[in-house]
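Visitor: I have a structure open and would like to go through some spots in it. Can you take short questions?
Guide: Go ahead.

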Amino acid sequence: MSKPRVCYWFRTDLRLHDSPALKAALDLTPECLYPIWTWDPHYVYKARVGPNRWQFLIDCQNDLSTSIANINPSSKLFVLREAPQTLFPKLFKEWRISHLVFEKDTDAYARERDERIIQLAHEAGVKVVVRTGRTLYDPDELVKKNHGEPTMSVSQVQNAGKLIGPIPRPLPAPKSLPDPGELSLSFNQERPTQDPDYNSAHRKGLDKSYSALAGPNGDFSVPTLSELGIEQSTTPHRGGEKNALEMLLSIVMDKDYTATFEKPKTAPTAFSPQATTLLSPHLHFGSLSCREFYWRVQDVVNEYKGRASNPPTSLTGQLLFRDMYFGAQAILGYKFGQTYGNPHCRFIPWHLPSKIDIESGLITNEYFIDSATAQTYLERWKYGRTGFPWIDALMRQLRQEGWIHHLGRHAVACFLTRGGCYIDWERGAEVFEEWLIDHEAACNIGNWQWLACAAFYSQFYRCYSPVAFPQKWDKEGRFVRRYVPELEHYDQKYIYEPWKAPIADQKKWGCLIKGDALGGDEKFKIYPKPMFDFAKRREICISAIKNAYKVGLYGNDPKVLDGSWWKLFDDRAEGPTDGKRGPPGVTIEHENAAGDECHLEDSRLPKPARVENMNTMSGQKRSAGQSTLDALVKRLKR
DNA sequence: CCTCATGTTGCCCTG
DNA sequence: GCAGGGCAACATGAG
């Protein structure tokens with residue numbers, strides 16, 4: 001019997017230390033080992049990825065490739081440019097692969113893809129070995145031990161985790177690696193269609209992602225940003241296993257910090273250095289193993305003489321949250337990432353709702369602009385021009401550096417959804433997906449639902465103020481001055497509410513507060529006025545969420561699925577029902593709702609529909625919606 | 001059925 | 001300057 005010829009497929013595990021899957025590959029005592037990466041067009045064109053996360057990924061690949069070559073100079077990370085679904089059958093044959101080994105990935109797309117790959121391997125007579133290593137617990141195991149339910153709280157994770165057993169100690173990095181076999185590629189490359197390209201906004205140069213199977217020089221090199229046609233990155237945070245392990249080391253050397261860490265007590269305004277570990281992007285790309293992190297921290301906690309912090313606020317507690325979101329996503333799949341069809345997500349009639357593909361029941365890349373004002377709010381929020389310095393500073397830090405503190409994410413997410421703009425959390429999640437270097441689909445989705453009070457959390461009356469909240473951490477406004485430099489010279493009295501500063505002072509401090517855009521000249525810079533009265537918007541949002549809670553729909557409710565949900569909502573409430581929404585073809589006379597100035601211009605817009613296909617509506621039984629519908633009909637007759 | 005405590009991270013006022 | 005209570009708009013699970 002000949003020795004195995006193993007293909008090790010790197011994906012979410014760009015490291016050599018503590019890799020259960022890599023160990024499984026080496027335990028086969030292979031004749032040859034091909035460490036490969038395939039440049040999957042799904043991620044290249046259908047995931048939102050900005051330059052900073054591309055850079056981080058490339059950093060991780062370069063570092064990994066170097067580390068492999070350091071152990072065995074005839075090996076490295078071999079990067080291929082083709083979809084795994086079409087590449088593998090050809091590669092299995094060409095390189096006479098007997099075993100394919102990879103780390104388990106329970107993300108919705110990844111699971112579908114991997115099932116297909118396993119099937120293709122089976123057809124080719126290739127054995128597949130899969131190991132868990134991305135989370136503390138296998139998300140599927142976690143769900144099983146949680147009575148088949150998605151994990152919706154940390155205590156559920158802790159209880160289910162206890163049933164699974166102790167978290168394994170990390171494995172050492174391998175000391176040797178087998179040579180790869182011959183590297184011929186005598187088959188044709190299948191190039192993907194790139195339309196639509198979700199990342200076209202970042203592609204400034206010619207896209208050569210798929211110019212050749214083994215890269216432009218045929219040497220299986222790690223791509224560069226310019227090969228991908230992606231514009232330059234701007235982040236100071238860089239990837240790679242070496243960096244990650246050095247960062248972890250410096251954290252655990254500070255025993256007080258490590259053992260007494262309490263996330264809610266870390267300052268979101270700290271920027272040099274930041275108050276948290278910055279290890280999240282490394283966990284995302286697998287350049288740091290979560291078990292390595294867990295045990296290095298736990299060992300410090302176990303030996304700590306003083307009073308150590310505990311989950312969920314402690315450092316290890318952060319990893320439990322991560323597992324919680326992975327568990328929720330593992331069982332809900334694509335539905336976890338949207339309200340529509342999601343039994344665990346509350347239905348709230350936000351502005352700018354996603355368009356739904358009726359065939360699949362999944363959200364598309366498009367959304368309804370039911371309110372021109374809401375669309376303006378979204379644009380101003382995304383690019384840091386809301387006129388609220390705390391929000392704008394965070395959003396600019398996010399765009400430039402790809403990272404903001406967890407509480408900063410709370411602040412901007414609350415502001416966009418239930419505590420200000422009343423915009424669909426799916427819009428916010430998309431911006432984070434694009435800009436975060438630590439974007440982890442499960443965690444991002446879960447946190448947005450949390451902050452929107454759509455799932456995991458429900459105390460919607462606890463609303464982050466863009467003034468009082470940052471003042472608690474940073475009275476002087478150092479953080480704002482760093483990321484909103486036009487306000488650099490403002491007195492701390494006005495740093496979070498510059499519109500309140502007297503004009504004479506505004507001139508003295510070199511920045512005028514006016515209009516809705518940035519600008520100015522050498523003499524006076526311009527920073528926009530706040531885009532709304534926060535206190536008023538807070539009131540509107542809270543009453544709207546309160547009402548949505550009272551109505552009590554979840555994403556899988558038939559009324560949500562068929563689009564008849566609007567009958568249950570007062571047409572004067574905030575959201576797509578606010579004064580002019582009605583059944584298709586019916587125009588409702590406008591009645592002014594108190595306190596919201598956007599109604600008149602909204603009424604000129606085309607009527608939004610949450611679902612493309614409203615056919616099923618007429619067949620639905622009417623029950624709770626009857627009274628509001630009657631009121632609507634009465635008003636129409638008047 | 002009830003009460004009560006708890007839930008990663010609110011704000012405001014009081015003393 | 002900061003700790004603690006009130007607020008009383010939520011959901012869940014233990015007892």
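Visitor: Leaving aside neighbours within four places in sequence, what is Pro 89 in contact with?
Guide: Pro 84 and Leu 120, once those sequence neighbours are left out. Keep in mind that this is a predicted model.

Visitor: Where does Pro 89 lie?
Guide: Pro 89 is in helix α4, which covers residues 84-94.

Visitor: Buried or partly exposed, that Pro 89?
Guide: Partly exposed, because its relative accessible area is 30% and the buried class is under 20%.

Visitor: And how far is Pro 89 from Arg 427 in space?
Guide: The C-alpha atoms of Pro 89 and Arg 427 are 38 Å apart, with the two positions 338 residues apart in sequence.

Visitor: Arg 427 belongs to α17, I see. How many residues of α17 are buried?
Guide: 11 of the 11 residues in helix α17, residues 425-435, are buried. Charged side chains are on that list too, among them Glu 426, Arg 427 and Glu 430.

Visitor: What caps the N-terminal end of α17?
Guide: Asp 424 does, with a side-chain oxygen 2.9 Å from the backbone nitrogen of Glu 426.

Visitor: Now the DNA. Which residues are around strand C?
Guide: Around DNA strand C there are Arg 346, Ser 458, Gln 459, Phe 460, Tyr 461, Ile 542 and Tyr 549. By type, that surface divides into four nonpolar residues, two polar and one charged.

Visitor: What does Arg 346 do with the phosphate there, in terms of distance?
Guide: A polar side-chain atom of Arg 346 is 2.7 Å from a phosphate oxygen of DNA strand C. The charged end of Arg 346 also sits over the ring of Tyr 549, 3.7 Å from the ring centre.

Visitor: Which residue has a side-chain N or O atom 3.1 Å from a base oxygen of strand C?
Guide: That is Ser 458. Of the strand C atoms within 4 Å of the protein, 44% are sugar or phosphate, and the rest belong to bases.

Visitor: What is the sugar or phosphate share for strand B?
Guide: For DNA strand B, 36% of the atoms within 4 Å of the protein belong to sugar or phosphate, with the rest in bases.

Visitor: Which residues come nearest to strand B?
Guide: Pro 264, Phe 321, His 406, His 410 and Ser 465 come nearest, out of 18 residues around DNA strand B. The surface near strand B has 10 nonpolar, six polar and two charged residues.

Visitor: Which polar atoms of Pro 264 and Ser 465 are involved, backbone or side chain?
Guide: Backbone in both cases. A polar backbone atom of Pro 264 is 2.6 Å from a base oxygen of strand B, and a polar backbone atom of Ser 465 is 2.4 Å from a phosphate oxygen of strand B. Gln 459 uses its side chain: an N or O atom there is 3.1 Å from a base nitrogen of strand B.

Visitor: Which helix gives the largest share of that surface?
Guide: α16, with three residues of the surface near DNA strand B. Helices α13 (315-332), α16 (406-416) and α19 each supply at least two.

Visitor: Staying with α19, how are Phe 469 and Trp 473 arranged as an aromatic pair?
Guide: The whole structure holds 44 aromatic pairs. Phe 469 and Trp 473 form an edge-to-face pair, with 6.4 Å between centres and 70 degrees between planes.

Visitor: Why are those two about one helical turn apart?
Guide: Because Phe 469 and Trp 473 are four residues apart in helix α19, residues 468-473. Phe 469 counts as buried at 11% relative accessibility, whereas Trp 473 is partly exposed at 25%.

Visitor: Which aromatic cluster do they sit in?
Guide: One formed by Phe 271, Trp 390, Tyr 464, Phe 469, Trp 473, Phe 479 and Tyr 483.

Visitor: Last one, Ser 233. Where is its place?
Guide: In the loop between α8 (225-228) and α9 (241-253). Ser 233 is buried, with a relative accessible area of 18%.

Visitor: What does Ser 233 touch, not counting residues up to four places away in sequence?
Guide: Pro 51, Asn 52, Gln 55 and Leu 225.

Definitions and conventions
Residues are numbered from 1 along each chain as its sequence is written. Chains are lettered from A and ligands numbered from 1 in the order in which they are written. This is a predicted model: local features need pLDDT of at least 70, side-chain atom pairs count only at pLDDT 80 or more; totals for chains, interfaces and linings use all residues. Side-chain values use heavy atoms; hydrogens and water are left out. Buried means under 20% relative accessible area, exposed over 50%, partly exposed in between (1.4 Å probe, protein chains only). Contact means heavy atoms within 4.5 Å. A residue is near a molecule or strand if one of its heavy atoms lies within 4 Å of it. A polar contact is a pair of N or O atoms within 3.5 Å; within protein, one must be able to donate a hydrogen and the other to accept it, and residues adjacent in sequence count only if both atoms are side-chain atoms. Rings of Phe, Tyr and Trp (its six-membered ring) pair if their centres lie within 6.5 Å; planes under 30 degrees apart count as stacked, over 60 as edge-to-face and the rest as tilted. A charge sits over a ring if NZ of Lys or CZ of Arg is within 6 Å of the ring centre and within 35 degrees of the ring normal.
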